[in-house]
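Morning, everyone. I have one structure to walk through today. Let me put it up.

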Amino acid sequence: PLEEGNVAFSYATVQVEDIIERSAAGTATGTASFSSSLLVFSYSQDANWFKDLRLGANVKFYNQGFSGGGNSFSAGKGSGFDLDVGLQYQPIPWIMLGFTQQNALPSSFGGKFAWNTGFVESIPTLTKVGSVFTLYGGKGAYQRGDMALLLSMDGDFALTRSGEPPVFHLGSEWRPNRNLAL
């Protein structure tokens, strides 16, 4: 935490070795490796000019690569960059609303993945809208001892990809006491 806001960073990586490459007939033609990593810098803060509004952003750096094998894994390496932006709003103490635009940068502003072959891919954007309702406990609508009950709903919308339907999620958390959450 800073005096004004919060800063965080994360790094995730995965590597798979000895991937067996096969011909169309199923004959092993060699082995290959795959690696992928993501470095994220995050910042968030309360919007001092609007009560109960919080703003945040992630700057993301991607690296990915293949090595070994035959033509399909021929030493492809690439890197990319993009930005997520989001906000949270709490209109009343027991309701939290959120909006996130993942991969918000268009290719023309740097939101892309470029391979060493010269091929450039745009990174698809995703809009997420969600809410959490604290029905019992904490700042919930109702109080009942130490019990807490939260209900959450959100949706993912791929607005730039035609024909891709939205995906919705529904969840809940029940805490019968301070030491157990289900």
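I'll start with the whole chain, then go residue by residue.

First, a caution: this is a predicted model.

Now the fold. How many helices and strands does the chain have? Zero helices, and 10 strands. Read along the sequence, then, the pattern is β-β-β-β-β-β-β-β-β-β.

Next, dimensions. The radius of gyration is 22 Å. A compact globule of 182 residues would come out near 16 Å. Along the principal axes, the C-alpha atoms fill a box of roughly 65 × 35 × 35 Å.

What share of the residues is buried? The figure is 23% of the 182 residues. The chain exposes about 11,900 Å². Carbon and sulfur atoms supply 60% of that area.

On contacts, take the pairs at least 6 apart in sequence. Of those, 48% join residues at least 24 apart.

Charges, briefly. There are 12 positive and 15 negative side chains. The centres of the two sets lie 5 Å apart.

Now to individual residues. Please find Ser-33, in strand 2, which covers residues 28-46. Is Ser-33 buried or exposed? Ser-33 has a relative accessible area of 13%, and the cut-off for buried is under 20%, so Ser-33 counts as buried. Which side chain does Ser-33 pair with in a polar contact? The partner is Glu-17, and the two side chains are joined at 2.8 Å.

Look at what else surrounds Ser-33. Setting aside residues up to four places away in sequence, Ser-33 touches Val-16, Glu-17, Asp-18 and Ile-19. Ser-33 also touches Gly-65, Phe-66 and Ser-67.

That last name takes us to strand 3, residues 53-68, where Ser-67 lies. Ser-67 is partly exposed, with a relative accessible area of 31%. Now compare Ser-67 with Glu-3. They are 64 residues apart along the chain, and their C-alpha atoms are separated by 45 Å.

Back to strand 2 for Tyr-43. Tyr-43 is at 33% relative accessibility, which counts as partly exposed. Where does the side chain of Tyr-43 reach? To the backbone oxygen of Glu-4, at 2.6 Å.

Tyr-43 has other contacts beyond its neighbours within four places in sequence. Among them are Leu-2, Gly-5, Asn-6 and Val-7. Leu-55, Gly-56 and Ala-57 are also in contact with Tyr-43. One distance to note here is Tyr-43 to Phe-9. They are 34 residues apart along the chain, with C-alpha atoms separated by 8.9 Å.

Two backbone points to finish. Both concern phi.

Asp-52 is in the loop between strand 2 and strand 3. Its phi is near 65 degrees, a positive value in a residue other than glycine. Asp-52 is partly exposed, at 34% relative accessibility.

Asn-103 is in another loop, between strand 5 (95-102) and strand 6 (112-115). Asn-103 is not a glycine, yet its phi is positive, at about 55 degrees. Is Asn-103 buried or exposed? Asn-103 is at 11% relative accessibility, under the 20% cut-off, so Asn-103 counts as buried.

To recap. The chain has 10 strands and zero helices. Ser-33 is buried and has a polar contact with Glu-17. The side chain of Tyr-43 reaches the backbone of Glu-4. Asp-52 and Asn-103 have positive phi.

That's it from me. Over to you.

Conventions
Residues are numbered from 1 along each chain as its sequence is written. This is a predicted model: local features need pLDDT of at least 70, side-chain atom pairs count only at pLDDT 80 or more; totals for chains, interfaces and linings use all residues. Side-chain values use heavy atoms; hydrogens and water are left out. Helices (H or I, at least four residues) and strands (E, at least two) are DSSP runs, numbered from the N terminus. The radius of gyration is taken over C-alpha atoms; the globule rule is 2.2 Å times the number of residues to the power 0.38. Buried means under 20% relative accessible area, exposed over 50%, partly exposed in between (1.4 Å probe, protein chains only). Contact means heavy atoms within 4.5 Å. Accessible areas come from the Shrake-Rupley method with a 1.4 Å probe; for residues, only the protein chains shown count as cover. Lys and Arg count as positive and Asp and Glu as negative; His and the chain ends are not counted. The place of a charge is taken as NZ of Lys, CZ of Arg, CG of Asp or CD of Glu. A polar contact is a pair of N or O atoms within 3.5 Å; within protein, one must be able to donate a hydrogen and the other to accept it, and residues adjacent in sequence count only if both atoms are side-chain atoms.
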